[in-house]
Amino acid sequence: MVEGNYKVKKCSTPIDWVVEVPGSKSMTNRALLMAALADGTTILKGVLFSEDSRNFLGSLKVLGFHVEIDEAAKIVTVEGCNGKIPVTSGEIYVGSAGTAARFLTAMLAMAEGTFVVNASEQMKKRPMKPLFEVLTDLGAEIKCLEKEGFLPVQIKGIGQSASQDEKCSTKLDISESTQFLSALLLISPMMKQGLCIEVTSERKDGAYIRITRKMMEQFGAVVDFDGETYHMNSGISYKSGCYQIEPDVSAACYFYAAAALTGGKAMVRNVTWKCMQGDLKFLELLEKIGCEVSDTPDGIEVKGPENSRLRGITVDMKDFSDQTMTLAALAPFADSDVRIENIGHIRLQESDRIHAVATELNRLGISCEEEPDAVTIHPGIPKPTVVQTYEDHRMAMAFALVGLRIEGIEISDPMCCRKTFETYFDILDKLCD
């Protein structure tokens with residue numbers, strides 16, 4: 001457990017790392033929800049244990065689900081109730097987890113009873129209104145307890161009051177977050193009459209929506225998409241069983257980026273091109289800026305350029321925007337400008353990530369231009385400083401990479417990484433010894 005600022009150890013030679021990362025946060029929380037809504041016992045393997053997933057697990061327990069946890073084995077067993085919630089009242093706390101907030105709010109809106117959803121101060125600032133509007137349109141009663149359009153809320157669910165004869169239809173804008181759509185897709189088996197969701201925003205699809213659809217299919221519930229509207233047929237349900245969660249590719253990318261920075265190599269166990277996570281696109285980006293990416297029997301390996309000199313690039317990161325901060329940490333060491341585009345939505349995540357990136361690069365002495373949905377970063381030599389992290393796990397983990405090349409980099413509030421990867425800095429310490 002890291003206390004105080006974390007002082008990054010500079011790597012004097014190219015790294016040669018073999019790393020194992022936790023399970024995917026996104027897939028863990030999706031799997032937990034589907035297991036709870038399935039009929040019977042589901043065993044989840046490779047579960048991520050982090051602040052976000054613990055809040056999700058705690059919420060399921062409050063709602064009366066029988067959950068058995070084996071952290072050492074990374075296994076969770078959930079007794080599903082076939083689309084029903086065991087209790088009809090209660091208050092859950094979702095912390096700062098956007099997935100828990102959006103998914104569980106949607107689930108409770110379809111349930112029978114009255115519930116309260118509370119959250120951290122950070123999550124209370126994140127948008128919820130588009131989801132509230134759709135859930136209200138479907139028949140739920142939602143009362144905002146502090147600020148309109150935001151958590152905390154009191155929810156009176158529709159239960160079995162909705163018509164069972166006619167498929168429900170609704171419209172949704174996902175420009176602020178694709179999690180709104182994933183939430184509705186995931187709870188659709190609770191609506192036995194079926195559900196159609198017409199997406200009204202310019203953005204209709206995304207990497208995380210594709211993960212949601214693929215996982216739903218693996219659990220036995222198929223979603224059809226015609227380019228405008230998502231269709232869930234009547235009578236779909238989740239099948240219980242055993243499900244293996246993939247390693248977190250988002251977490252793996254920090255170690256791959258370390259190879260890029262030092263001209264060394266990093267292999268992350270069990271990360272393969274078969275993984276369904278959108279952040280695999282970051283590996284293709286690393287190839288474009290000068291790295292070699294190859295398969296090994298144990299996982300994908302990245303080798304940085306021998307002179308550690310990376311190429312500048314202009315890239316649309318809409319579909320793998322969690323790696324914006326990672327590329328921003330590499331950008332000062334490129335041979336020309338790095339421009340990251342189409343990322344306006346990350347201003348509404350754990351922090352205003354575009355502003356946080358620009359502010360901390362400036363603190364490091366790196367020149368950059370912040371735009372509403374883009375950032376341009378100019379090459380330079382970072383100077384020693386304490387990087388502020390804005391209670392944002394990805395800012396902490398990504399900007400620590402700068403310290404692998406530059407002496408004197410410290411990370412403020414490093415344990416904000418508990419949200420997804422609580423042992424990150426312990427692992428980094430051991431690797432850098």
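Biologist: In what order do the four strands of the open sheet with strand 15 stand?
Modeller: Strands here are DSSP E runs of at least two residues, helices are H or I runs of at least four, and both are numbered from the N terminus. Two strands pair if DSSP finds at least two bridges between them. In this predicted model, the pairing in that sheet is mixed, and the order is 2-15-17-16.

Biologist: What pLDDT must side-chain atom pairs have to count?
Modeller: Residues are numbered from 1 along each chain as its sequence is written, and side-chain values use heavy atoms, without hydrogens or water. The model is predicted, so totals for chains, interfaces and linings use all residues, local features need pLDDT of at least 70, and side-chain atom pairs need 80 or more.

Biologist: Which strands are the edges of the sheet with strand 15 and strand 17?
Modeller: An edge strand here pairs on one side only. That leaves strand 2 (16–19) and strand 16 (292–296).

Biologist: Which residue stands opposite alanine 266?
Modeller: Strand 15 (265–268) pairs with strand 17 (299–303) over three bridges, in the antiparallel sense. The partner in strand 17 is valine 302.

Biologist: At what angle does helix 7 run to strand 15?
Modeller: Axes are lines fitted to C-alpha atoms, for helices over the stretch in contact; angles run from 0 to 180 degrees between N-to-C directions. Helix 7 (249–262) lies across strand 2, strand 15 and strand 17. To strand 15, the angle is about 160 degrees.

Biologist: Is helix 4 roughly parallel or roughly antiparallel to helix 5?
Modeller: The axes of helix 4 (129–137) and helix 5 (179–187) come within 9 Å and cross at roughly 30 degrees. Angles under 35 degrees count as roughly parallel, over 145 as roughly antiparallel, 65 to 115 as roughly perpendicular, and the rest as oblique. Therefore helix 4 is, to helix 5, roughly parallel.

Biologist: Which residues of helix 5 meet helix 4?
Modeller: Contact means heavy atoms within 4.5 Å. Helix 4 brings Pro130, Leu131, Val134 and Leu135. From helix 5 come Phe180, Ala183 and Leu184.

Biologist: Is glycine 241 buried or partly exposed?
Modeller: Glycine 241 lies in the loop between strand 13 (229–232) and strand 14 (242–244). Buried means under 20% relative accessible area, exposed over 50%, partly exposed in between (1.4 Å probe, protein chains only). At 31%, glycine 241 is partly exposed.

Biologist: What separates the C-alpha atoms of glycine 241 and aspartate 39?
Modeller: The two residues are 202 residues apart along the chain. Their C-alpha atoms are separated by 9.4 Å.
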